[in-house]
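User: Could you take a close look at one sheet in this model for me, and then tell me how the two chains sit together? Keep it chatty, but walk me through it in one go.

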Number of protein chains: 2
Amino acid sequence: MLTTMKLSQTFVPTLREVPADAVIVSHRLMMRAAMLRKLANGLFAYLPLGLRSFRKVENIIRQEMDAIGALEIKPTVVVPGEIWKESGRWDTMGEGMLRVKNRLGGDFVVSPTAEEAFTALVRDELASYRQLPLTLYQINTKYRDEIRPRYGVMRGREFVMKDAYSYHTDEKSLDASYQAMGKAYRRIFKRCGLTVIPVRADTGAMGGTGSEEFMVESEIGDNTLILCKACDYAANVEKAACKADYGLPVAPGSGAAIEKIATPGVRTIDELCEFLKTGPATFIKTLVYRAVNVELDLGDAPGCARLERKAAAPGAPKTYPEAFFAVAIRGDLDVNETKLAALLKASEVALAADADVERLTGAPLGFAGPVGLTGLPVVADESVRAMADGVTGALAKDLHYAHVAYGRDFTAWLTADLRTVKAGDICTQCGGELYEKKGNELGHIFKLGSKYTASMNVTYLDVDGKTQTPTMGCYGIGVDRTLASIIEEHHDDDGIRWPMSVAPYHVLVIPIKYDGAVKGAADQLVAELEEKGVEVLLDDRDERPGVKFKDADLIGIPLRVVVGDKNLPNVEIKRRGEKDSRLVPQTEAGLVLADIVLSELAESIVGRN
Amino acid sequence: MLTTMKLSQTFVPTLREVPADAVIVSHRLMMRAAMLRKLANGLFAYLPLGLRSFRKVENIIRQEMDAIGALEIKPTVVVPGEIWKESGRWDTMGEGMLRVKNRLGGDFVVSPTAEEAFTALVRDELASYRQLPLTLYQINTKYRDEIRPRYGVMRGREFVMKDAYSYHTDEKSLDASYQAMGKAYRRIFKRCGLTVIPVRADTGAMGGTGSEEFMVESEIGDNTLILCKACDYAANVEKAACKADYGLPVAPGSGAAIEKIATPGVRTIDELCEFLKTGPATFIKTLVYRAVNVELDLGDAPGCARLERKAAAPGAPKTYPEAFFAVAIRGDLDVNETKLAALLKASEVALAADADVERLTGAPLGFAGPVGLTGLPVVADESVRAMADGVTGALAKDLHYAHVAYGRDFTAWLTADLRTVKAGDICTQCGGELYEKKGNELGHIFKLGSKYTASMNVTYLDVDGKTQTPTMGCYGIGVDRTLASIIEEHHDDDGIRWPMSVAPYHVLVIPIKYDGAVKGAADQLVAELEEKGVEVLLDDRDERPGVKFKDADLIGIPLRVVVGDKNLPNVEIKRRGEKDSRLVPQTEAGLVLADIVLSELAESIVGRN
């Protein structure tokens with residue numbers, strides 16, 4: 001990258017108008033500041049200014065990866081479908097993966113991620129435990145065939161991802177690399193000027209393997225985060241744990257016996273509340289789920305006697321291809337499908353079709369309930385176990401049960417924490433109150449275990465000469481999304497306010513008129529800054545000062561120097577975002593600016609260890 | 001990129017065996033030196049060592065592009081099929097272009113080149129002549145669906161290309177950018193240590209627009225080059241011009257009248273030579289060609305009265321969808337189909353099917369000839385015009401004509417230079433003798449004119465406010481192929497011999513045993529070199545010196561330093577390729593090595609202007 005550039009010599013077609021389809025601020029500003037142009041829905045081209053910041057984000061990531069000993073390689077973007085078939089993901093990745101047939105009829109994939117490609121490479125080279133641990137990464141093009149790409153590069157189809165994969169002899173070694181990655185990610189986002197919320201999933205229901213997402217707050221975020229007002233607890237709502245004993249109304253227990261009541265034409269919880277003049281927390285809601293590839297043993301589960309376990313491929317774990325479950329939960333709560341899938345060890349869970357519900361419960365829709373249900377296993381949320389006087393469907397048209405008590409009138413095949421945490425719930429960690437935020441995931445680190453190395457048959461000889469399967473971790477960061485998030489966090493009404501570390505240039509020099517003494521002074525200052533390693537953009541255009549200042553605010557270079565006849569031999573220095581500028585003798589300006597630039601760049605790197 | 005690396009900490013699985021499918025030296029050495037691994041046929045992954053050199057080639061290209069004012073941008077790799085339909089290349093690109101349907105049924109292309117993407121971007125931004133000239137480039141992934149990928153990255157399916165596109169108000173501006181690009185290309189290849197043969201096409205039959213290919217000699221090259229022993233003439237055989245009057249035997253002219261001779265069962269030139277006991281230069285060979293999309297006016301051409309011209313799209317030039325031509329050429333010469341297509345302004349020419357030949361000539365195969373031929377236009381090579389006593393087919397079974405003279409017995413509808421130049425021919429430039437070489441194209445610069453800007457409807461307002469179409473140039477370099485070519489030119493029997501400018505590291509430090517005083521001395525030297533900006537690879541492995549030396553020769557780092565007990569306080573310094581090493585005091589080694597490295601790096605950059 002050149003360190004100095006004249007604005008007339010580069011290509012920065014800024015826009016006054018906001019493109020109609022740009023609804024979030026980073027998309028609007030990236031278009032207006034001419035960082036980006038749209039090629040097609042979800043496909044964007046970076047223009048020179050955008051590409052400079054993009055490369056800086058890439059380089060921060062590269063430096064931090066190199067610093068922890070990860071090794072950069074470059075596989076292809078288009079990879080053979082064969083390796084996706086080996087891992088089994090050819091079938092499970094869904095339509096988001098762009099599949100291509102080449103002219104010879106071979107299957108190929110435009111990589112959405114690269115566990116398979118890296119694992120295939122490592123498989124061919126790995127012989128001995130001495131070669132492990134090994135962490136490889138790439139910073140390369142990815143493609144996901146989003147149905148509804150939007151928000152500019154925040155959710156585009158093609159993007160650049162840093163993806164790293166590590167291979168280990170044991171869990172301890174994997175954990176060491178995983179921890180080092182987590183620290184590197186914190187440094188990367190800090191250097192980019194980003195406030196991230198690291199969200200651990202291993203504290204909750206998912207247990208075990210370990211995974212951490214790095215989120216930024218965003219009103220248009222894909223994820224709902226659950227945060228604690230009192231401590232540093234943060235979780236993705238999909239995985240957030242519930243305090244086991246929290247919020248369960250220790251029901252007074254009327255002592256009344258279970259009773260059938262007529263509820264003509266009443267099907268939904270709302271209708272029931274209206275009919276019985278009570279709140280939803282009184283009800284035991286019963287939902288029928290269909291689960292696919294269930295690994296959990298259903299040998300003693302009601303209604304499952306005839307199910308058979310099969311292995312999808314030789315060596316793969318045996319699973320039930322399809323099974324149904326009745327999930328009971330208190331009426332005011334929602335089932336968390338991620339928790340349910342984890343409990344069942346299923347690859348997918350979804351509400352069953354109406355016909356299946358009626359067939360399995362023997363009742364019309366709206367009258368399912370756990371009492372007397374024998375056609376399928378009942379899985380109850382902890383909230384249900386605490387209920388001693390509930391209302392629930394009686395498995396027959398226009399009938400419900402009242403005064404239902406768990407343990408007396410029915411028991412579940414399994415009970416577990418299955419509910420979705422929400423704002424106002426209590427933190428499992430400290431008892432504080434939880435609240436919600438929308439967030440976007442910028443990075444994710446994940447202990448994969450032997451999922452890929454086993455299915456793709458990767459082995460090495462251990463110290464005793466015995467064949468072993470390595471364990472594996474994967475670690476991704478979306479470069480485009482990180483860049484857009486920096487703008488989301490650093491902007492004002494007038495435009496971008498770049499952190500020094502990722503600004504396209506450090507200093508913008510604006511001669512009021514690029515001519516005569518002003519030109520001389522501006523050129524001299526640019527030369528001086530260039531020599532000190534400061535990156536300078538010179539607005540040499542023949543435009544009115546107002547236009548230049550507006551563009552300056554929009555583009556958001558951290559430091560602005562105005563050189564004009566009126567002030568010479570002084571020049572005006574202003575930080576982007578400051579209201580007032582200060583006069584500095586032209587002869588000192590280079591030193592003053594270089595000082596600020598270099599100290600801010602150094603600051604962003606401090607704290608690596 | 002880190003400047004120092006321990007071999008035990010990186011991933012360099014060198015091979016003693018040569019992979020069976022690696023037939024050229026660069027492929028063999030890139031595999032053996034662990035620069036590269038194969039993911040699938042034509043798809044390769046660069047490992048850490050290979051990627052370092054790859055990035056250095058990219059950076060040399062980037063620096064030279066930036067130096068001439070080209071601006072780097074980053075469009076996507078996957079682009080909408082729509083823009084390829086606009087340019088018309090959706091239909092003409094053939095099966096080498098990888099087409100994809102996305103989940104919504106939209107057409108997409110995995111870019112094989114990017115005239116369309118750049119032109120679409122420029123179209124949206126271009127308003128005024130003041131924005132021109134504009135040169136944009138990318139260094140990005142490309143894909144060509146080769147049927148038979150081979151020779152490693154020399155002819156792979158996925159590769160990285162630097163492709164630049166320039167836009168201009170006039171021919172003079174285009175020529176200035178074209179010339180600057182040509183100079184930049186010469187500097188790039190020189191800095192990479194490559195001997196390229198620049199091959200101009202604008203001196204020859206193609207005329208006009210201007211194009212220059214940058215070739216390297218290669219026994220497996222795709223191209224045949226025609227070079228002059230006496231001057232700097234160099235041409236691709238596809239386009240090489242013939243000296244108009246050269247080699248035409250000013251036939252004595254027997255004066256004898258044309259005569260029909262019986263040639264029972266004689267069909268080929270060889271059979272005819274045998275039968276008449278003479279050489280092939282005596283014959284007028286007549287070949288029937290089928291041409292597609294012929295733009296040349298055939299209004300007065302024999303047999304073409306019924307052909308109609310049509311425009312493929314509104315605004316596109318009108319062409320004859322199909323037309324046939326009899327091409328007459330001296331029996332010892334070959335028709336150059338590129339010249340023929342250029343003459344006819346056809347998108348494609350190929351020998352006609354046997355049935356068409358018989359239908360159009362009214363004679364069995366082997367008896368075509370220009371005398372009395374009326375069913376299709378005769379196009380004659382210049383060689384035929386000079387023949388006064390030739391033999392040719394008589395348009396009837398087992399009959400030929402003897403004593404045929406051009407101008408007396410027949411004339412052609414068109415005459416032109418249509419023959420393929422070959423070794424031994426005479427240079428059009430200086431009269432020297434021509435010879436042949438096989439070559440691979442590393443780069444290509446090309447004046448496109450308004451082909452894309454017109455079909456894609458790009459306009460700007462000129463100084464008078466009138467709407468104009470810009471003219472355009474395109475300029476490509478294959479990065480992978482350039483890297484492989486460097487190895488083709490710089491190696492010996494033991495391995496690679498990197499030029500300093502593109503070596504993965506500058507210095508390889510080999511401690512005989514990485515322990516005690518030797519380790520101390522090696523570490524100190526590495527630290528000293530690092531401080532001087534020299535890139536060092538340290539072979540800290542616990543391997544026998546023989547293994548380390550063999551790997552050193554294979555990997556080919558330019559400078560090798562051996563640190564051993566025996567020689568301390570001296571160390572052994574050797575250039576890769578030198579037979580003997582020299583002893584240098586350890587305290588001076590850093591300075592000596594840094595001097596060599598920095599002077600060689602500087603040298604590679606000299607001559608930029």
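Analyst: Let's begin with strand E32 of chain B, residues 570-575, which is joined to E33(B) by 4 bridges, the two running antiparallel. To pick out one of those positions, B:Ile573 has B:Arg582 as its bridge partner in E33(B). Bear in mind throughout that this is a predicted model.

Now zoom out a little. The sheet in chain B is an open one of 6 strands, ordered E1-E30-E29-E31-E32-E33, with mixed pairing. Its edges are strand E1 (4-6) and strand E33 (582-585) of chain B, each of which pairs on one side only. On average, and ignoring direction, neighbouring strands in this sheet are turned by 25° against each other.

Then there are the helices. Helix H13 of chain B, residues 516-531, lies across E1, strand E29 (507-511), strand E30 (536-538) and strand E31 (559-563) of that chain, and it runs at about 165° to E29(B). Helix H15 of chain B (residues 586-605) also packs on the sheet, where it touches E29, E31, E32 and E33 of chain B. The direction of H15 makes about 115° with that of E33(B).

On to how the chains sit together. A turn of 180° plus a shift of 0.1 Å along the axis lays chain A on chain B with an RMSD of 0.2 Å, which means the two are related by a two-fold axis. The same surface serves both copies, as 100% of the contact residues of chain A recur in chain B. If you want a landmark, A:Val100 is the residue of chain A that comes closest to the rotation axis, its C-alpha lying at 2.8 Å.

As for the contact itself, 56 residues from chain A and 56 residues from chain B take part. About 5,000 Å² is buried between the chains, and carbon and sulfur atoms give 65% of that. On the chain A side, the residues losing the most area to chain B are A:Leu39, A:Lys74 and A:Arg103, together 16% of what that side buries.

A:Arg103 turns up again among the charged pairs: it forms a salt bridge with B:Glu95, with the closest N and O atoms 3.9 Å apart. Between chain A and chain B the count is 6 salt bridges, and there are 12 residue pairs in polar contact, both residues being at pLDDT 80 or more. Helix H2 of chain A (residues 48-67) supplies the largest share of the side of chain A that touches chain B, with 6 residues.

Definitions and conventions:
Residues numbered from 1 in each chain as written. Chains lettered and ligands numbered in written order. Predicted model: local features only at pLDDT ≥ 70, side-chain atom pairs only at ≥ 80, totals over all residues. Heavy atoms only, no water. Least-squares fit on C-alpha atoms with pLDDT ≥ 70 in both. Contact = heavy atoms within 4.5 Å. Pairing = 2+ DSSP bridges. Axes fitted to C-alpha atoms, helices over the stretch in contact; angles between N-to-C directions. Buried area = accessible area lost by both parts, 1.4 Å probe. Salt bridge = Lys/Arg side-chain N within 4 Å of Asp/Glu carboxyl O. Polar contact = N/O pair within 3.5 Å; in protein donor to acceptor, adjacent residues only side chain to side chain.
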